[in-house]
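Below is a short briefing on one protein structure. It is arranged by topic for reading alongside the coordinates.

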Amino acid sequence: MTKEAVVQQVEQDCYSQSAEKATEFVNSLLENSAKGSTFDSASANDFAGSVVNQGDTGVEVPESMQIVLDEAYCGASEDEKKRNRAKIIKAIFDGVGTYQRQHGVSIPPDISNYAIHMGFAATDFAANKYKLDRVKLDSASSAHHDQLSLQPNRAVVAILSAFGDAIPFAHYLPADIGSNEAKLAILSHEAGHTYGQYAQGDSMDGVNSGKPYLTSSRIHALFPTVSTGDIDGKLTKLQATPSTCDQAADAVKLLRGRAVLYVKGMVAAREVDSEGSGNSVVSGSITISGTTYTIGGNINTDTGVFALTTTPALPETVPVAVESFVDYERGPENIPSMLSAVRTRPLFAKPWRGFTQVTPDARTQISQELGLDAHGEAMVAIQRQLSGERHYEVLEKALRLGANNQVTFDFDWTNRKTYMHRSDAWRDLASALGVASQQMAIDTFDHGISHLYIGKYIMSDFLSLPSDIWQPSGVMLRPGIFRVGRLFGLYDVYYTPRTIQDTAGAAQILCVGRASSVALNPFVLGDSVPVTMIPLGVSTDLKAGVGVYGRSLTDVNPHISASLGCAIINVTNMQ
């Protein structure tokens with residue numbers, strides 16, 4: 001097994017009970033498959049029987065998955081029923097394998113949940129409940145028609161498509177079949193009070209985290225007064241910066257005997273009194289460049305006001321700081337609170353449709369000469385077209401978002417080619433990617449770059465990179481989007497034949513980030529109804545038609561910071 005054949009385990013949070021159950025179910029299936037050398041139909045059937053009967057797996061079957069398995073358990077004999085049910089389990093196993101081979105990473109929880117939802121949407125239970133009409137294409141022959149035999153096949157196609165068509169940096173939401181609505185829930189944290197360095201309602205996530213709030217310390221840095229060397233100021237409720245108090249803010253009561261004066265960062269004086277109220281004496285001394293400065297004065301522990309003197313006068317260029325600590329027992333109204341908020345954003349699936357027709361002669365010729373079903377092949381082409389359209393639509397949206405975070409990488413090949421190989425020049429790309437990735441982490445409050453999209457000119461250079469910075473995917477070259485490899489051990493690289501600028505002299509690298517929590521991915525995709533076929537009948541020209549429709553969403557994440565998970569590297573002077 002090559003190094004690249006190993007699936008990279010990627011952890012993503014998903015705050016959804018249905019997604020947790022789906023993930024537990026899928027992980028149990030994968031663990032079960034790992035126990036043997038192969039995972040065939042018999043293994044799938046054993047697993048299906050075990051989980052359905054709540055056997056020794058100890059895994060709770062998601063309700064929607066239970067409906068799919070129950071409907072798949074159909075046929076003329078017990079063996080056929082078991083085979084049909086095993087198809088569902090095998091589809092999940094194969095779908096996960098397809099996703100892992102395509103993207104080189106473990107399956108995210110939202111995609112497992114989405115795939116199970118799509119299988120459920122293909123059931124007769126869902127069709128009857130939500131009044132969906134569809135074609136029943138089954139395994140009937142001219143001598144026999146089995147009304148239920150297609151059900152496993154519909155669910156199998158829906159599940160395999162959900163896994164196989166998934167975009168690795170998108171969040172997949174199961175949309176309600178009836179209302180077409182999907183709710184995106186974003187968990188955030190904010191300050192409950194105006195306190196420390198936060199105003200009420202300020203975000204405490206990402207780059208906004210870690211500023212003074214919960215700490216009881218209040219510190220104010222300043223310079224001594226010119227000529228006198230006096231140190232005057234006030235410790236207040238609000239920190240304007242981590243080292244300065246807002247002098248116009250409300251006063252706070254301080255703990256007695258805790259104040260400290262720092263001179264050039266060193267402890268120079270301390271509060272002497274540990275009892276009483278009001279003014280408290282501060283005393284100490286420090287030697288700087290051979291001169292000893294004696295410090296005196298007081299700090300009012302009820303108002304935070306301090307007035308200190310230095311003898312001789314401390315030069316006005318010497319930085320000083322006064323620190324003390326809030327007394328919450330005397331001022332409980334200052335105890336800060338931190339709020340967790342869940343904001344839901346409604347997203348709606350939009351309908352799409354099309355149809356395919358075939359003449360009697362064409363259908364006969366395709367069937368007899370190629371052994372294929374004309375309508376079935378048309379459905380495969382429609383599914384492939386739909387998958388491609390959605391992926392390119394996401395890339396177009398990513399390109400527009402990436403304009404907010406652009407970095408130029410000057411390849412400077414005219415000068416560099418005299419003393420280095422092209423592969424050595426590409427090593428410097430790590431710096432440009434690092435800048436854009438860190439800016440993305442700041443903008444999203446969560447993550448940096450994880451995926452790169454390139455054209456054929458940069459791809460041709462990447463394919464010749466040494467193994468210490470490049471690991472090929474092993475995927476054969478193809479005309480559409482596919483994963484080429486992994487760069488610097490950090491970035492999964494994909495080829496795209498369009499959307500980005502791609503010339504021999506200059507090109508773009510489109511960068512997208514996968515979030516630590518699936519709800520913070522820059523794009524949200526989902527379906528309320530999978531690809532569904534409707535009979536159109538035979539017209540007077542004897543063409544038999546089948547209509548296809550679905551309802552799906554392909555949206556930019558409405559959470560502004562999450563949508564900023566895109567960037568562009570403009571590569572110049574490649575020739």
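The points below cover confidence, two sheets, the helices and the salt bridges.

The model is predicted. Its pLDDT averages 87 over the protein, and 88% of the residues score at least 70. One open sheet is built from eight strands and another from seven. A search of the whole structure finds 15 salt bridges.

**Confidence**

- Over residues 1-5 the pLDDT stays under 50; the model has seven contacts beyond four places in sequence for this stretch.
- Residues 135-150 also stay under a pLDDT of 50, and for them the model has 23 contacts beyond four places in sequence.

**The eight-stranded sheet**

- The strand order is β3-β12-β7-β8-β9-β10-β11-β4, and the pairing is antiparallel.
- β3 (217-222) and β4 (231-234) are the edge strands, each pairing on one side only.
- From one strand to the next, the twist averages 20 degrees.
- Within this order, β7 (residues 260-263) and β12 (residues 320-325) are joined by four bridges in the antiparallel sense.
- V263 has V320 in β12 as its bridge partner.

**The seven-stranded sheet**

- Here the order is β15-β23-β20-β16-β19-β18-β17, with mixed pairing.
- The edges are formed by β15 (406-410) and β17 (470-472), each of which pairs on one side only.
- Neighbouring strands of this sheet are turned by 25 degrees against each other on average, direction ignored.
- β16 (residues 451-454) pairs with β19 (residues 491-495) in the parallel sense, over four bridges.
- Y453 has Y494 in β19 as its bridge partner.

**Helices α4 and α12**

- Which span should helix α4 (residues 78-103) have, given its 26 residues at 1.5 Å a residue? The expected value is 38 Å, and the end C-alpha atoms are 38 Å apart, so the two agree.
- G104 follows α4 and has a positive phi, near 75 degrees.
- α4 lies across β18 (482-487) and β19, and runs at about 55 degrees to β18.
- Helix α12 (residues 429-444) lies across β15, β16, β18, β19, β20 (507-512) and β23 (566-572). The angle between α12 and β23 is about 155 degrees.

**Salt bridges**

- Within α4, the side chains of K90 and D94 form a salt bridge, with N to O at 3.2 Å. The two residues are four apart in the helix, so about one helical turn separates them.
- K90 is partly exposed, because its relative accessible area of 21% is not under the 20% that would count as buried. D94 is also partly exposed, at a relative accessible area of 30%.
- D461 and R422 form a salt bridge in which the closest N and O atoms are 2.8 Å apart. D461 lies in helix α13 (residues 456-462) and R422 in helix α11 (residues 422-426), so this pair ties together parts that are 39 residues apart in sequence.
- Is D461 buried or exposed? D461 counts as buried, because its relative accessibility is 11% and the cut-off for buried is under 20%.
- R483 and D492 form a salt bridge whose closest N and O atoms are 3.8 Å apart. Both R483 and D492 are buried.
- D302, D327 and R330 are joined into one network by salt bridges that share partners.

Methods
Residues numbered from 1 in each chain as written. Predicted model: local features only at pLDDT ≥ 70, side-chain atom pairs only at ≥ 80, totals over all residues. Heavy atoms only, no water. Expected span 1.5 Å × (residues − 1). Pairing = 2+ DSSP bridges. Axes fitted to C-alpha atoms, helices over the stretch in contact; angles between N-to-C directions. Contact = heavy atoms within 4.5 Å. pLDDT = per-residue confidence, 0-100. Salt bridge = Lys/Arg side-chain N within 4 Å of Asp/Glu carboxyl O. Buried < 20%, exposed > 50% of the residue type's maximum accessible area, 1.4 Å probe, protein only.
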